[in-house]
Amino acid sequence: MRLVGALSPPTPAIMKNTPIRYTLRPADPAAHLFEVSCRVTHPDPDGQRFALPAWIPGSYLIRDFARHIVAISAEAGGRPVALHKLDKHTWQAAPVPGKQALTVTCTVYAWDLSVRGAHLDRTHGFCNGTSVFLRVLGREEAPCLVDLQPPPGKDYADWRVATALPAASGEKGAARAHGFGLYAAANYDELIDHPVEMGTFTLARFKACGVPHEVAISGRHDCAGSALERLTADLRKICEWQIRFFGEPAPMKKYVFLVTAVGDGYGGLEHRASTALLCSRDDLPYRGMEGVPERYRTFLGLASHEYFHTWNVKRIKPAAFVPYDLDRENHTTLLWAFEGFTSYYDDLALLKSGVITQKDWLELAAKNLDSVLRGPGRLSQSLAESSFDAWSKYYRPDENTPNAVVSYYAKGSLVALALDLTLRAGSRGKVSLDDVMRALWQRHGQTGVGVGDDDIRRIAEELSGMKLKRFFAEAVHGTADLPLAKLLKPFGIALTREAASATPGLGAKTNGDGSEVKLATVYRGGGAERAGLAAGDVLLAIDGLRVTPATLDRQLARRRPGATVVVHAFRRDELLRCELRLDPPAADSSKLASDGQRNELRAEWLAETGRRKERTAGRKA
Ligand SMILES: [Zn+2]
């Protein structure tokens with residue numbers, strides 16, 4: 001028995017409340033190196049332990065951020081202190097004599113231009129706390145002070161800071177607006193939930209329901225002047241709709257959109273008072289832009305998605321995330337509700353805030369439906385399973401993913417649609433998914449109580465008086481397609497499927513870039529599988545004629561489904577010959593169309609009259 005450790009005296013409150021002090025210095029932008037230190041007063045007398053998270057909340061993959069620590073050392077009272085590495089991301093310092101403070105300093109390599117990591121070069125710096133700030137084990141609840149420093153040298157004199165982390169007001173050296181200096185967080189969980197951008201970004205501000213919002217755009221882009229005004233005007237409408245949806249006041253004092261524009265990119269990660277977005281510079285508004293081009297609509301959908309997470313997943317959380325365990329996978333069967341429902345409301349918010357039209361929205365909904373129906377994986381994996389295994393399946397796609405995995409985003413959003421329609425029709429328009437979301441916000445988001453596996457069903461049943469066990473069993477735990485056409489009927493919306501093309505299919509997805517046709521995925525039960533072809537095979541010829549990415553479709557178009565062709569292919573360096581019976585045309589595409597008749601249920605749901613109200617409200621504010 002080791003009673004000594006177990007019975008060590010509890011940490012006095014004064015020690016628990018002494019801030020942990022961090023400094024973050026872009027020490028060498030050209031080498032992509034941040035220098036980060038962490039100073040602890042009253043370190044653990046048995047040897048203080050420090051760790052870096054294995055993953056970043058919101059992105060369900062073990063990333064082992066500690067692998068980017070290239071040097072680490074510790075000191076106390078000017079003398080070096082030995083550090084012992086315990087596992088891939090945990091270090092223990094030797095006990096420090098007397099009452100000396102312990103400082104650990106590490107050098108972090110930052111060359112990941114994604115929303116999940118850290119990136120530093122001569123043009124800008126970006127980091128998530130999970131990549132740079134060590135967690136002081138046992139002191140996770142202590143307040144944190146962070147000294148954000150500029151890179152050394154005159155070249156960076158015009159760099160500023162964008163973050164939702166509040167300045168350490170009242171402290172010596174507190175940062176001024178967008179300046180370097182001291183920032184504060186209530187605890188470690190808050191510290192790592194405020195990404196930081198530093199550089200010469202474009203900055204725009206607006207208020208939504210009285211809450212200050214900022215947009216900081218880094219990277220080269222053309223979003224200035226009237227284009228930037230257009231962006232903030234649209235974002236404001238979306239943010240105000242969402243704040244009112246859950247009810248004022250908004251849960252954050254300030255909100256920041258940290259946007260990185262690149263040549264080609266797409267991604268977003270949610271935080272409690274900010275979001276990091278990566279987009280293509282062509283997605284942003286530009287001078288002379290007319291209407292809502294598809295790329296801009298996609299960008300607004302992304303911003304809307306991450307903003308909705310401010311409530312749904314950052315505050316209304318699955319029980320498995322209360323609190324997060326940053327050392328390992330946190331399994332939950334509920335990602336369909338947190339990602340799927342958010343995906344349903346992201347585009348719906350564009351419609352209801354008047355940014356896009358009902359026709360646009362119906363198009364987006366049909367596209368989402370097709371993305372689910374085209375994946376055979378939906379017939380073998382349920383949403384609950386897809387959520388639970390996100391860490392090893394959805395986030396680690398391979399050639400078999402389309403056959404084995406269903407997206408909890410896309411199908412989760414169809415479940416939100418189906419549930420919304422079921423509740424609205426069953427209650428004659430009195431209860432909707434909106435009411436369920438608001439109840440989740442009041443009972444879980446505002447109280448911090450995690451959402452259990454059955455809570456959403458229970459809330460929906462309680463509010464509507466309906467029996468929904470079967471709905472959830474089929475939609476969340478089953479693999480059959482949802483009866484959307486039937487559910488949409490009472491709303492005067494017809495769902496039809498039409499052939500996208502008459503060209504027969506190979507039963508495989510091909511990679512058509514370059515000069516060769518490579519099989520990326522061979523679909524379960526399709527022609528290519530029956531013929532003995534596999535993912536990675538390179539198609540050379542069909543019926544003796546060479547196949548290229550440019551000619552494949554034309555060669556198939558001349559044939560009928562069910563016809564047999566002779567295929568030559570390479571598997572590694574071995575030549576194969578096989579006979580392939582062609583599949584029916586690859587996929588139908590869905591169409592959603594309103595019948596144009598007056599329909600109370602639809603009017604209430606898609607806010608056909610609400611848009612006018614919204615505009616009036618917008619003018620008043
Ligand atoms: Zn999301």
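Two strands count as paired if DSSP finds at least two bridges between them. The model shown in these views is predicted.

**View 1. A hairpin joins β19 to β20.** Strand β19 covers residues 266-270, and strand β20 covers residues 274-280. They pair in the antiparallel sense, over 5 bridges. The link between β19 and β20 is made of 3 residues. Look for E270: it stands opposite T275 of β20.

**View 2. Four strands form an open sheet in the order β6-β7-β3-β11.** The pairing in this sheet is antiparallel. Its edges are β6 (83-87) and β11 (135-136), and each of these strands pairs on one side only. At the β6 edge, 4 bridges connect β6 to β7 (residues 90-93). These two strands run antiparallel. One bridge to pick out is that of D87, whose partner in β7 is T90.

**View 3. Helix α13 (residues 455-464) has buried residues on one side.** The buried residues of α13 are D455, I456, A460 and S464. They span an arc of only 145° around the axis, so they sit on the same side of α13. Helices α7 (335-352), α11 (410-426) and α12 (433-445) are what these buried residues pack against. Follow the chain just past α13 to G465. There the phi angle is positive, at about 75°.

**View 4. E363 in helix α8 lies 6.9 Å from L592, C-alpha to C-alpha.** Helix α8 runs over residues 358-373. Along the chain, E363 and L592 are 229 residues apart. Is E363 buried or exposed? E363 has 18 C-beta neighbours inside 10 Å, and therefore counts as partly exposed. A buried residue would need 20 or more, and an exposed one would have 12 or fewer.

**View 5. Domain 1 touches domain 3.** The protein divides into domain 1 (9-199), domain 2 (201-293), domain 3 (311-493 + 589-621) and domain 4 (504-586). Domain 3 is thus listed as two segments, 311-493 and 589-621. The C-alpha centres of domain 1 and domain 3 are 37 Å apart. How many residues are in contact between domain 1 and domain 3? On the domain 1 side there are 9, and they meet 9 residues of domain 3. By class, the domain 1 side has 7 nonpolar and 2 charged residues. It has no polar residues.

Definitions and conventions. Residues numbered from 1 in each chain as written. Predicted model: local features only at pLDDT ≥ 70, side-chain atom pairs only at ≥ 80, totals over all residues. Arc of directions from axis to C-beta. Contact = placed C-beta atoms within 7 Å. Domains from an automatic or database assignment. Nonpolar A, V, L, I, M, F, W, Y, C, P; charged D, E, K, R; others polar.
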